[in-house]
Structure formats: structure tokens, C-alpha cells
Amino acid sequence: MSVRKIIIDTDPGQDDAVAILLALASPEEIEVLGITAVAGNVPLHLTEKNARIVCELAGRTDVPVYAGCDAPLERPLVTAEHVHGKTGLDGPDLPDPTITLAEGHGVDFIIDTLRAEPAGTVTLCPLGPLTNIAQAFNKAPDIIEKVQEIVLMGGAYFEVGNITPAAEFNIYVDPEAAKIVFGAGCPITVMPLDVTHKALVTKDRNDAFRALGTKVGVAVAQMTDFFERFDKEKYGSSGAPLHDPCVTAYLIRPDLFTGRHINVEIETGSELTLGMTVADWWRVTDRAPNAIFMGDIDAQGFFDLLTERLARL
């Protein structure tokens with residue numbers, strides 16, 4: 001398998017941090033061209049800072065980090081400090097980054113990179129609201145046909161919503177952006193809550209991270225220690241779901257996931273179901289498929305991969 005060139009678009013978030021670490025630990029499969037931060041789990045001034053903290057934690061100060069959009073396309077920003085803590089990376093005590101932000105806007109970096117690289121060689125990996133991607137498509141529609149694939153974490157079908165009864169957080173924060181991205185015509189692979197809620201950090205799995213004995217292993221264990229308190233209380237689950245690393249794991253081991261090529265539409269007009277991913281899982285409409293919507297994961301295989309790769313950092 002050839003190395004996938006990717007741009008990680010992210011709003012770290014503890015699970016975003018683990019997704020970034022997994023990508024940086026996997027150079028045989030993944031080349032991270034850059035990271036673009038977006039407002040989501042916490043405001044932009046924290047997400048761009050957190051992205052730089054994670055790069056330094058991994059010893060990868062060479063990866064450029066750009067600040068992107070600080071608010072959704074049409075709506076006030078909704079954040080999730082109630083899940084991720086006031087910094088977005090609550091749990092470990094990590095130092096402030098010494099690397100500076102790359103010059104320029106994250107949206108322009110996405111556009112310039114897709115124009116500079118050969119068509120069909122760059123994968124976009126959004127781990128938060130889709131504002132930056134939609135803005136790039138709006139500003140430079142010529143780049144849409146150059147995207148190899150979009151692999152994103154967002155949405156839900158059987159698991160319905162985690163921020164409203166009908167909507168998953170990333171899509172809900174900027175549903176207009178999600179509508180643009182899902183309607184753009186790019187190949188899209190979706191990691192919804194249906195998959196990520198099966199990727200639970202149980203005590204044994206978190207102990208395995210801590211047992212690595214490295215700065216990265218201990219920090220990841222501390223992140224999930226903090227992160228899981230919310231999900232265990234909310235869902236009564238045995239641990240926290242590691243949502244965003246499913247995106248990175250798919251690029252390395254697609255065989256860990258199963259899903260269907262179906263139509264997915266984004267609800268933007270209803271107050272009740274705003275941000276819902278209306279996934280035609282049973283193919284009951286005549287709407288054309290526009291996304292591979294994952295439904296299951298080999299959870300133990302996923303955690304084995306994650307632990308093995310984190311041990312490299």
C-alpha cells in the first residue's frame with residue numbers, strides 16, 4: 001500500500017490528539033502534509049494551540065499547524081468543554097508549545113496544497129466541524145475534483161445523536177458546512193457514532209497505554225482517564241469511545257471496518273433535527289449513494305494497532 005498524503009483538519013479534543021498521534025506514528029502508511037485547526041470542541045485559540053502541543057508531544061515539530069475558521073459558516077459556535085474540559089486537552093499536564101503557528105490561513109493551506117499536489121493524491125481527514133473544508137470548497141471549487149478521499153468522523157444513524165437527540169456534535173456545530181461537503185461529489189468515508197461507540201477504552205486498554213511507560217503513552221492514558229468520566233456517566237458504558245482515531249486507523253487498516261455505500265443527507269432546516277445525518281442505511285430511497293457509512297469495527301484489532309503505534313513515539 002502506498003503512503004497516503006493527508007491533511008488533518010481538527011479541533012483537539014483528547015480523541016483528536018490520539019488520532020494525530022496515531023498518524024504521526026505511522027509514516028509507512030501516512031504522510032501528514034499539515035494540520036489545520038478549526039473551532040469546535042473548544043474555541044480556535046485553544047484548538048490551534050492543542051494541535052501544536054500534540055505535535056511537540058510526538059516529537060514532530062516539522063509538521064506545520066495552521067489556524068483556520070473560528071466560527072461556523074452561518075451559526076454561533078457551540079463548544080464541548082463539558083466533555084473535554086476548559087482547555088480541550090484536560091487530563092495530562094502538558095507544556096505550552098514552543099513551535100509557532102504556520103503563516104497563513106488553514107483554508108488557504110488546504111487550497112494551495114490540493115492545487116500543488118497531483119490530482120487524486122491528497123486525502124482530507126476532518127475530525128471536527130467541517131467549516132474549513134466547506135470554506136475551501138466554496139472559495140476554490142476547482143480543488144474538489146482533486147481530492148483523493150475525505151475520511152471524516154461525524155454523524156450517526158443507529159446511535160442517533162450525542163449533542164441533541166438527533167445530531168452528532170461535529171455535524172451539528174456546522175450543518176451548513178456538512179451539507180456542502182456531503183454534496184460536493186468527493187469520495188467520502190464516514191466514521192459515525194455507530195462505529196466509534198464500539199471503540200471503547202476499557203480499563204485494560206487504558207492500562208496498556210500507561211504501561212508503555214513513555215511520555216506519549218502516559219499522556220494518552222491520562223487523556224482518556226479524564227475523557228471517559230463524561231461518557232461513562234452519560235451512557236453507562238465501560239469506557240470512553242475514541243471517536244477520531246477511527247479515521248486514522250482506517251487509513252492504516254481499512255479491514256478493521258465494515259460499512260455500506262449509501263446516501264447521506266444533512267438536515268439544515270429543522271429546529272428539532274438540525275444537524276442530523278439522514279443515512280439511507282436500508283436503501284429505501286432512490287437518492288444516489290454519496291458516502292461509505294461505516295457500521296462496525298474490530299475494536300480489539302483497533303486498540304492493538306493503536307497501542308503498537310503509540311509505542312513508537
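# A tour from the aromatic cluster to the sheet

Select Tyr157, Phe158, Trp281, Trp282 and Phe293: together they form one aromatic cluster. Rings of Phe, Tyr and Trp (its six-membered ring) pair if their centres lie within 6.5 Å; planes under 30 degrees apart count as stacked, over 60 as edge-to-face and the rest as tilted.

Before moving on, note that this is a predicted model, in which local features need pLDDT of at least 70 and side-chain atom pairs count only at pLDDT 80 or more, while totals for chains, interfaces and linings use all residues. Residues are numbered from 1 along each chain as its sequence is written, and side-chain values use heavy atoms, with hydrogens and water left out.

**Whole chain**

Zoom out to the full chain, which has twelve helices and twelve strands. Helices (H or I, at least four residues) and strands (E, at least two) are DSSP runs, numbered from the N terminus. The chain's radius of gyration is 18 Å, close to the 20 Å that the globule rule gives for 313 residues, so the chain is as compact as a globular protein of that length. That radius is taken over C-alpha atoms, and the globule rule is 2.2 Å times the number of residues to the power 0.38. Along the principal axes, the C-alpha atoms fill a box of roughly 50 × 45 × 40 Å.

Colour by burial next: 60% of the 313 residues count as buried. Buried means under 20% relative accessible area, exposed over 50%, and partly exposed in between (1.4 Å probe, protein chains only).

**The sheet**

Show the strands as a cartoon. Eight of them form an open sheet with mixed pairing, in the order β3-β2-β1-β4-β5-β6-β12-β9. Two strands pair if DSSP finds at least two bridges between them. The edges are β3 (65–67) and β9 (257–262), each of which pairs on one side only. From one strand to the next, the twist averages 25°. Axes are lines fitted to C-alpha atoms, for helices over the stretch in contact, and angles run from 0 to 180 degrees between N-to-C directions.

Select β1 (residues 4–10) and β2 (residues 30–37), which run parallel and are joined by seven bridges. Ile8 stands opposite Ile35 in β2. Add helix α1 (residues 14–24), which packs on the sheet and touches β1 and β2; its direction makes about 165° with that of β1. Contact here means heavy atoms within 4.5 Å.

Move to β6. Which way do its side chains point? Ile188 and Val190 point one way from β6, Thr189 and Met191 the other way, and all are buried. In a regular strand the side chains alternate between the two faces of the sheet. On one side, β6 pairs with β5 in the parallel sense over four bridges, with Ile188 as the bridge partner of Ile150. Strand β6 is also joined to β12 by two bridges, again in parallel. There Val190 stands opposite Phe293 in β12, and Phe293 belongs to the aromatic cluster of the opening stop.

**Helix α11**

Select residues 245–252. This is helix α11, which lies across β1, β2, β4 (122–126), β5 (147–153), β6 (188–191), β9 and β12 (291–297), running at about 140° to β5. How many of the residues of α11 are buried? Eight of its eight residues are, including Cys246, Tyr250 and Leu251.

**Aromatic pairs**

The structure holds eight aromatic pairs. Show Tyr66 and Phe109 as sticks: their ring centres are 4.3 Å apart and their planes lie at 15°, so the pair is stacked. Tyr66 lies in strand β3 and Phe109 in helix α4 (residues 106–116), so the pair ties together parts that are 43 residues apart in sequence. Tyr66 is buried at 13% relative accessible area, and Phe109 is buried at 11%.

Then show Phe209 and Phe303, whose ring centres are 6.3 Å apart with planes at 40°, so the pair is tilted. Phe209 lies in helix α9 (residues 203–211) and Phe303 in helix α12 (residues 299–310), so this pair ties together parts that are 94 residues apart in sequence. Phe209 counts as buried at 0% relative accessibility, and Phe303 is buried at 1%.

**Last stop: Glu48**

Select Glu48, found in helix α2 (residues 44–57). Is Glu48 buried or exposed? Glu48 is buried, with a relative accessible area of 12%. Leaving out residues up to four places away in sequence, Glu48 touches Ala37, Val65, Ala67 and Leu101.
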